[in-house]
Each structure stands twice: as structure tokens, then as C-alpha cells.
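The report below concerns the packing of aromatic and nonpolar side chains in one protein chain.

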Amino acid sequence: ELMARQTTEPRFLRISEVIRRVGVSRPTIYRWMNEGTFPRQISIGANSVVWLESDVTKWMDQRIGAG
């Protein structure tokens with residue numbers, strides 16, 4: 001099943017993708033991370049950070065549930 005595979009395979013999102021999905025600015029994302037209310041980025045190299053798609057999706061689902 002395609003859906004089952006997508007939920008088990010980790011996928012990385014760049015900051016531009018995170019901004020597009022969540023709909024807020026880069027400074028807001030980083031402010032939320034500093035406040036501990038948004039998933040932390042993962043360092044994958046010297047100058048490369050990513051977010052786990054599942055973490056961002058879970059965060060969005062929690063916001064929907066809290067609304």
C-alpha cells in the first residue's frame with residue numbers, strides 16, 4: 001500500500017517546504033522552536049538542516065485537534 005509505505009519511510013523537509021506547509025515565516029518557525037512549541041530541526045551536514053515530515057505533520061494534526 002502506498003499510504004503504509006509513506007508513513008513508515010522518513011522524509012526530510014527543507015525550511016522552504018516547512019514554511020510552505022505551515023504557512024508562517026521563517027522567523028516564526030525559529031521562534032516557535034526556541035519556545036519549544038515546534039519540532040526541532042535535524043542537522044544532516046555542515047550547513048544542512050531538515051525537519052522530519054512526520055514531526056511537522058504530527059504538529060499540524062495537534063494544532064487542528066486543539067482548535
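Phe38 is buried (under 20% relative accessible area, where over 50% is exposed and values in between are partly exposed, with a 1.4 Å probe and protein chains only), its own relative accessible area being 4%. The model is predicted, so that local features need pLDDT of at least 70 and side-chain atom pairs pLDDT 80 or more, while totals for chains, interfaces and linings use all residues. Residues are numbered from 1 along each chain as its sequence is written, and side-chain values use heavy atoms, with hydrogens and water left out.

Rings of Phe, Tyr and Trp (its six-membered ring) pair if their centres lie within 6.5 Å, and the planes count as stacked under 30 degrees, edge-to-face over 60 and tilted otherwise. By this rule there are four aromatic pairs, including the two tabulated here.

| Pair | Centre to centre | Angle between planes |
|---|---|---|
| Trp32 and Phe38 | 6.2 Å | 40°, tilted |
| Trp32 and Trp59 | 5.4 Å | 35°, tilted |

Trp32 lies in helix 3 and Trp59 in helix 4, so their pair ties together parts that are 27 residues apart in sequence; helices here are DSSP runs of H or I with at least four residues, numbered from the N terminus. Both Trp32 and Trp59 are buried, and ring pairs link these two residues with Phe38 into a cluster.

The largest nonpolar core, a set of buried Ala, Val, Leu, Ile, Met, Phe, Trp, Tyr and Cys residues joined through side-chain atoms within 4.5 Å, has eleven residues, among them Ile29, Trp32, Phe38 and Trp59. Helix 2 (15-22), helix 3 (26-35) and helix 4 (53-66) each give two or more residues to this core.
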